[in-house]
Amino acid sequence: MSTTGASADPLAALGFLPGVADSVESVRKSVDRVYGHRVMRRRSNEITSEAALRGARGTAALSGADWALEEVRRRSDFSGDGEARTMGAALRLTAEAGQLLSIWRQSPLRVLARLHLVAAAEGEERVGRPRQEGEPVDEPLIGLALPSAAEAHGRLEGLSELIIAGGSAPALVTAAVVHGELLALRPFTSHNGLIARTAERIVLVGSGLDPKSVCPAEVGHAELGREAYLEALEGYVSGTPEGVAAWIAHCGRAVGLGARESTAVCEALQRGAA
């Protein structure tokens, strides 16, 4: 995570990187457009449910389970092969995220451990806690160098302290940094990508930017594609101001595309087509 100078609020400092303010403003306009739609005033629960389903499909696609939306909607058993288990984990995490909002600001590490437990859905000793030195990490789609367990623990603690302290950083900046750090660190032995994107959702919802969770960034990340996702992540991991700003902008575009998706759902409902 890149910080500048000795700022007491390094996340807020990232908001002054070139182009970040424009990304923040663009996201705000996209979110406001959804919340201002007339359908949201009458059927917001339906929009939230649909956004959750589409968000789960999107995050699973980035983790290697790229299923059609109707297949996700139709299926009830996700205990089969690796793709099915990935999709099941994505659906469970999406459902769990809303239950953890009140805990996040007080104990983000507890929330992350819970997310790993939910994603893994098994009682192995390595589940529900950060990895230890020498333990392998199953995250084949992210080819970045893996930090040591000690470094991962230290940076997780630092991230947790920043979240608990709060600050004036825009929600998009905080969400992007949480997402980027978790992908860079891969602190658990599995499901780190799914957990990182769920944590991004928790920040966006808990911050008040998207309180009804109707702007699924996961949809946008999937639409932008894995190649662009990993390229932007490399920029974040580089720690350069340009790289970090590009990652934040990428996350902003993903939120905007998620908002566009839910706007389309609103319009379909208004026409009586869904």
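Aromatic rings of Phe, Tyr and Trp count as a pair if their centres lie within 6.5 Å, and a pair is called tilted if its planes are neither under 30 degrees apart nor over 60. With that in hand, one spot in this predicted model is a handy place to start: Y229, Y236 and W247 form one aromatic cluster.

The structure as a whole holds three aromatic pairs. In one of them, the ring centres of Y229 and W247 are 5.9 Å apart and the planes meet at 55°, so this pair is tilted. Y229 belongs to helix α12 and W247 to helix α13, which covers residues 241–271, so the pair ties together parts that are 18 residues apart in sequence. Both Y229 and W247 are buried. Next comes the pair of Y236 and W247, also tilted, with 6.3 Å from centre to centre and 55° between the planes. Here again distant parts of the chain are linked, since Y236 sits in helix α12 and W247 in helix α13, 11 residues apart. Y236 and W247 are both buried. W247 thus takes part in the pair with Y229 and in the pair with Y236.

Rings can have other company too. R75 lies over the face of F78, at 5.9 Å from the ring centre.

On to the empty spaces. Rolling a probe the size of a water molecule over the atoms shows where empty space is left. The largest pocket has a volume of about 690 Å³. Its lining is made up of 34 residues, and R85, T86, D138, S190 and H191 are the ones that lie nearest the centre. Four helices each bring at least two residues to this lining: α5 (82–97), α7 (108–120), α10 (192–206) and α12 (226–238). Of these, α5 gives the most, with six residues. Sorted by class, the lining of the largest pocket comes out as 14 nonpolar, 10 polar and 10 charged residues. Helix α12, then, helps to line the largest pocket and also carries Y229 of the aromatic cluster.

The second largest pocket holds about 280 Å³ of space. It is lined by 18 residues, with R105, I163, T174, V203 and S207 lying nearest its centre. At least two lining residues each come from α6 (101–104), α8 (149–165), α9 (171–185) and α10. This time α10 gives the most, with three residues. By class, the lining of the second largest pocket divides into 10 nonpolar, six polar and two charged residues.

There is enclosed space as well. A search of the whole structure turns up one cavity of 30 Å³ or more, and about 40 Å³ of space lies in it. Around this cavity stand R201, L204, V205, D210, S213, C215, P216, A217 and E218. Helices α10 and α11 each supply at least two of these lining residues, and the largest share, three residues, comes from α10. The lining of the cavity divides into five nonpolar, one polar and three charged residues. Helix α10 therefore turns up in the linings of the largest pocket, the second largest pocket and the cavity.

A couple of residues around these spaces have a backbone worth a second look. Most residues other than glycine have a negative phi, and most peptide bonds are trans. S213, one of the residues lining the cavity, goes against that habit with a positive phi of about 55°, although it is not a glycine. S213 lies in the loop between α10 and α11 (217–224). Its relative accessibility is 13%, so S213 counts as buried.

H191 is another such case, with a positive phi of about 60° although it is not a glycine either. This residue is among those nearest the centre of the largest pocket, and it lies in the loop between α9 and α10. With 23% relative accessibility, H191 counts as partly exposed.

The loop between α9 and α10 also holds T189. At 9% relative accessibility, T189 counts as buried. Leaving aside neighbours within four places in sequence, T189 is in contact with H116, R126, R131, E135, P136, V137 and D138. One of these partners, D138, is also among the residues nearest the centre of the largest pocket.

Terms used:
Residues numbered from 1 in each chain as written. Predicted model: local features only at pLDDT ≥ 70, side-chain atom pairs only at ≥ 80, totals over all residues. Heavy atoms only, no water. 1 Å grid on protein atoms, 1.4 Å probe; cavity = no way out; pocket = protein on both sides within 12 Å on 5 of 7 lines; lining within 4 Å. Points joined across faces, edges and corners; volume = space filled by probe spheres on them. Nonpolar A, V, L, I, M, F, W, Y, C, P; charged D, E, K, R; others polar. Phe/Tyr/Trp six-rings, centres within 6.5 Å; stacked < 30°, edge-to-face > 60°. Buried < 20%, exposed > 50% of the residue type's maximum accessible area, 1.4 Å probe, protein only. Lys NZ or Arg CZ within 6 Å of the ring centre and 35° of its normal. Contact = heavy atoms within 4.5 Å.
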